[in-house]
Amino acid sequence: GAQLTVSGERATLTLKGVAAAALGAWLAQVRTNARALPTEARLVKSTATTPASGILWDGVLVLALPPR
């Protein structure tokens, strides 16, 4: 799952067992639609990763939001 927290001009996304494909698609969407840019990434391959689930990620992404 994922949890998004917005504070001022930055958004913090906390990830727990998120599929690589889903994360990639979400990042592409926020860059295009919200014009948010990743400024920091602390990601590790999840211990829940299995051949059946594919690669899963845990960690934190910080995104810079455009001025309102």
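**Exercise 1. Neighbours of Val18**

Leaving aside its neighbours within four places in sequence, which residues is Val18 in contact with?

*Solution.* Start with the ground rules. This is a predicted model, where local features need pLDDT of at least 70, side-chain atom pairs count only at pLDDT 80 or more, and totals for chains, interfaces and linings use all residues. Residues are numbered from 1 along each chain as its sequence is written, and side-chain values use heavy atoms, with hydrogens and water left out.

Next, the term. Contact means heavy atoms within 4.5 Å.

Now read off the list. Val18 touches Gly1, Ala2, Leu23, Ile55, Leu56 and Trp57.

**Exercise 2. Order of elements**

State how many helices and strands the protein has, and their order.

*Solution.* Helices (H or I, at least four residues) and strands (E, at least two) are DSSP runs, numbered from the N terminus. There is one helix, and there are four strands. From the N terminus on, they run β-β-α-β-β.

**Exercise 3. The sheet**

Work out which strands stand at the edges of the sheet.

*Solution.* Two strands pair if DSSP finds at least two bridges between them. The four strands form an open sheet in the order E1-E2-E4-E3, with antiparallel pairing. Strand E1 (2-7) and strand E3 (37-45) each have a single partner strand, so they are the edges, and one side of each has no neighbour in the sheet. From one strand to the next, the twist averages 10°.

Now take the pairs. E1 and E2 run antiparallel, joined by six bridges. Gln3 has Thr14 in E2 as its bridge partner. Two residues lie between the strands of this hairpin, and Gly8 there has a positive phi near 65°. E2 and strand E4 (residues 56-64) are also antiparallel, over eight bridges. Ala19 has Leu56 in E4 as its bridge partner.

**Exercise 4. The helix**

Check the length of helix H1, then place H1 against the sheet.

*Solution.* The expected span of a helix is 1.5 Å times one less than its number of residues. H1 (residues 20-34) has 15 residues, so it should span 21 Å; its end C-alpha atoms are 20 Å apart, which agrees. Arg35 follows H1, with a positive phi near 55°.

Axes are lines fitted to C-alpha atoms, for helices over the stretch in contact, and angles run from 0 to 180 degrees between N-to-C directions. H1 packs on the sheet and touches E2, E3 and E4. The direction of H1 makes about 160° with that of E2.

**Exercise 5. Core and burial**

Name the residues of the largest nonpolar core. Then classify Arg10: buried, partly exposed or exposed?

*Solution.* Buried means under 20% relative accessible area, exposed over 50%, partly exposed in between (1.4 Å probe, protein chains only). A nonpolar core is a set of buried Ala, Val, Leu, Ile, Met, Phe, Trp, Tyr and Cys residues joined through side-chain atoms within 4.5 Å.

The largest core has five residues: Leu13, Leu15, Val18, Leu23 and Leu61. Strand E2 (residues 10-19) gives the largest share, three residues. Across the protein, 24% of the 68 residues are buried.

Arg10 also lies in strand E2. Its relative accessibility is 44%, so Arg10 is partly exposed. Arg10 stands opposite Ala64 in E4. Beyond four places in sequence, Arg10 is in contact with Thr5, Val62, Leu63 and Leu65.
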